[in-house]
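Subject: Handover of a structure

Dear colleague,

Please find below the structure that I am handing over to you. My findings follow directly after it.

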Amino acid sequence: MMQNPQDDIAQLRTEIATLAARLVAQDGADYGTAKRKAARQLLGEAQANAKRDLLPDDLQVEEAVRQYHALFNAATQPARLHHLRTIALEVMEQLADYNPFLTGAVLNGTAGEHDDIHLQLFADSAKEVQIWLLNKNVNIEIGEADHFKGPRHDPVETVSFIYRNEGVHVELYEQHDLRGAKKQRSGERPTRVDIAELRTLLITDPRTEA
């Protein structure tokens with residue numbers, strides 16, 4: 001019986017996602033880097049470059065990371081996740097005037113040993129937030145990140161700092177971006193949550209029990 005080419009593609013994507021998940025969980029690699037490295041390890045440099053369109057999407061890698069933690073880190077990862085969400089809530093409460101939202105691995109439940117906290121703020125200006133942090137004697141590093149709306153929009157400024165020995169990375173958006181940030185299709189997993197939603201998540205999500 002001949003193998004269905006679509007089955008071969010699906011199997012390849014699963015194998016890449018599984019290996020990429022290990023790189024994310026063990027080494028702290030970002031999804032893009034992990035997918036490319038996993039493809040090179042499985043296919044070789046030339047084949048990986050030729051088949052970039054066959055890489056799994058981020059949602060497939062995210063699910064593979066979740067499965068990896070369930071198999072190998074079940075005794076430690078839930079407590080780590082709960083800790084990071086608790087720290088995130090503390091930071092968000094202090095930055096409440098700037099409409100903070102939690103996003104990334106700490107929100108979606110895949111955060112592990114190497115993950116930092118990722119926030120998005122919506123303020124009148126990035127400089128206002130930077131000055132506020134500096135006045136609180138927070139040592140910040142300034143950078144930039146891709147806009148959540150995609151490459152058609154200019155990158156946004158970021159500030160990174162350490163809070164209670166955890167890394168925090170904050171994307172600084174303008175107020176008018178807030179409307180787009182709150183849009184979500186029915187049934188989709190949230191990509192960002194505000195302070196109230198994070199408090200509820202900490203109370204109700206059994207995976208975050210310490």
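I begin in the strands, where Gln 120 stands opposite Glu 171 in β5. Please note that this is a predicted model.

The pairing of Gln 120 with Glu 171 belongs to a longer contact between two strands: β2 is joined to strand β5, residues 166-174, by 7 bridges, and the two run parallel. Strand β2 also pairs with strand β1, residues 101-103, through 3 bridges, but here the strands run antiparallel. Gln 120 in β2 takes part in this second pairing as well, since Phe 101 stands opposite Gln 120. Strand β2 itself covers residues 117-123, and 6 of its 7 residues are buried, that is, under 20% relative accessible area; the strand is therefore largely enclosed by the rest of the structure.

Turning to the protein as a whole, you will find 9 helices and 5 strands. Along the sequence their order is α-α-α-α-α-β-α-β-α-β-β-β-α-α. The radius of gyration is 19 Å, close to the 17 Å that the globule rule gives for 210 residues, so the protein is as compact as a globular protein of that length. Along its principal axes, the C-alpha trace spans about 65 × 40 × 35 Å.

Of the 210 residues, 41% are buried. Where contacts link residues at least 6 apart in sequence, 64% of them join residues at least 24 apart. The accessible surface amounts to about 12400 Å², and carbon and sulfur atoms account for 48% of that surface. As to charge, the protein carries 24 positive and 33 negative side chains, with the centres of the two sets 3 Å apart.

One residue in the helical part may also serve as a point of reference. Arg 40 lies in helix α2, which comprises residues 31-43. Is Arg 40 buried or partly exposed? Its relative accessible area is 34%, and Arg 40 is thus partly exposed, as this class lies between the cut-offs of 20% and 50%. Leaving aside residues up to four places away in sequence, Arg 40 touches Glu 45 and Ala 48. Arg 40 and Ile 16 are separated by 24 residues in sequence, while their C-alpha atoms are 9.3 Å apart in space.

Yours sincerely

Notes:
Residues are numbered from 1 along each chain as its sequence is written. This is a predicted model: local features need pLDDT of at least 70, side-chain atom pairs count only at pLDDT 80 or more; totals for chains, interfaces and linings use all residues. Side-chain values use heavy atoms; hydrogens and water are left out. Helices (H or I, at least four residues) and strands (E, at least two) are DSSP runs, numbered from the N terminus. The radius of gyration is taken over C-alpha atoms; the globule rule is 2.2 Å times the number of residues to the power 0.38. Buried means under 20% relative accessible area, exposed over 50%, partly exposed in between (1.4 Å probe, protein chains only). Contact means heavy atoms within 4.5 Å. Accessible areas come from the Shrake-Rupley method with a 1.4 Å probe; for residues, only the protein chains shown count as cover. Lys and Arg count as positive and Asp and Glu as negative; His and the chain ends are not counted. The place of a charge is taken as NZ of Lys, CZ of Arg, CG of Asp or CD of Glu. Two strands pair if DSSP finds at least two bridges between them.
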